[in-house]
Amino acid sequence: MSSQIFRSVARSAKAGLSASRSSSVGQGRAFTAAAATMISSRGKSNYFASFFDRAGSGKPLMGWLSSAMAVPAAVYMLQDQELHAAEMERTFIAIKPDGVQRGLISEIISRFERKGFKLVAIKLVIPSKDFAEKHYHDLKERPFFNGLCEFLSSGPVLAMVWEGEGVIKYGRKLIGATDPQKSEPGTIRGDLAVVVGRNIIHGSDGPETAKDEIGLWFNPNELVSYASNAEKWVYGVN
Ligand code: DAT
Ligand code: MG
């Protein structure tokens, strides 16, 4: 019970912090939307208000903790699930022209979907070379940069944003090492690709890159915040 409360408190603080830090494209917007969805769908209109009141009151953490002790465990468990939505991160994932042409879209999407991550944006685009250069700007000194950008802009790319706890790091695990010769079997590149120049998929490599790449490929209004029915079964603390 006390560790449950502590986790809730820690998550509340973290959610509040990340909401105040993030930009309109990133999690701040998701936080607001998710909070609004939860408030309207469950009618628990005073929870978030009371959290922010408490956070803003300057009341010492221990004071908050001791008043929290009076709240029944079941209420905390609900709040805990709701707070999961507030701390979800997003990553940019793209199936490159080789993956699209080889008919691997459904295979790749299903791996993210079956894991429990949530699709929040998707579109099929043929990027210009200029756009590809922006996407891969950090590699512009590498000898393969031109060929890489030519290739990315040579055909349809399936651009997506996936959401979930730890999705940036775990998305990279699902994808596997950059060179498919070194990717583990069981990963997307390990199972479905052979050479580094045709490694079929891109995934953001960290929170900053994810934010930048989502902002480059999508307008904020193309990102869809919604409550998934599966979430209450994908997330939970015992
Ligand atoms: P990743 O896509 O795993 O994040 P990266 O950002 O280092 O890898 O490189 C971007 C893409 O560039 C990569 O998916 C394939 C291509 N690439 C990387 N290293 C390469 C190399 N040595 N030769 C040819 N293409 C390469
Ligand atoms: Mg990369």
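Modeller: Between two helix axes, an angle under 35 degrees counts as roughly parallel, over 145 as roughly antiparallel, 65 to 115 as roughly perpendicular, and the rest as oblique. This is a predicted model, in which local features need pLDDT of at least 70 and side-chain atom pairs count only at pLDDT 80 or more, while totals for chains, interfaces and linings use all residues. Residues are numbered from 1 along each chain as its sequence is written, chains are lettered from A and ligands numbered from 1 in the order in which they are written, and side-chain values use heavy atoms, with hydrogens and water left out.

Colleague: Why are α7 and α10 called oblique to each other?

Modeller: The axes of α7 (residues 105-115) and α10 (residues 167-175) cross at roughly 135° and come within 11 Å; that angle belongs to none of the other classes, and α7 and α10 are therefore oblique. Their crossing is right-handed.

Colleague: Which residues make the contact between α7 and α10?

Modeller: With contact taken as heavy atoms within 4.5 Å, α7 contributes Arg111, Phe112 and Lys115, and α10 contributes Tyr170, Gly171, Leu174 and Ile175. These residues divide into 4 nonpolar, 1 polar and 2 charged, where Gly counts as polar.

Colleague: What makes β2 and β4 the edge strands of the sheet?

Modeller: The open sheet of 4 strands has the order β2-β3-β1-β4 with antiparallel pairing, and both β2 (118-125) and β4 (201-203) pair on one side only. Neighbouring strands are turned by 15° against each other on average, direction ignored.

Colleague: How do you know that β2 and β3 pair?

Modeller: Pairing requires that DSSP finds at least two bridges between the strands, and 7 bridges join β2 to β3 (residues 157-164). One of the partnerships is that of Lys118 with Glu163 in β3.

Colleague: Across which strands do the two helices lie?

Modeller: Helix α7 lies across β1 (89-95), β2, β3 and β4, running at about 10° to β3, whereas α10 lies across β1, β3 and β4, running at about 30° to β1.

Colleague: What makes the pair of Phe92 and Phe218 edge-to-face?

Modeller: Rings pair if their centres lie within 6.5 Å, and planes under 30 degrees apart count as stacked, over 60 as edge-to-face and the rest as tilted. The centres of Phe92 and Phe218 are 6.4 Å apart and their planes stand at 65°, so the pair is edge-to-face. The pair links Phe92 in strand β1 with Phe218 in the loop between α12 (207-217) and α13 (231-234), 126 residues apart.

Notes: Axes are lines fitted to C-alpha atoms, for helices over the stretch in contact, and angles run from 0 to 180 degrees between N-to-C directions. A crossing is left-handed if the near helix is turned anticlockwise from the far one by less than a right angle, and right-handed if clockwise. Rings of Phe, Tyr and Trp (its six-membered ring) pair if their centres lie within 6.5 Å; planes under 30 degrees apart count as stacked, over 60 as edge-to-face and the rest as tilted.
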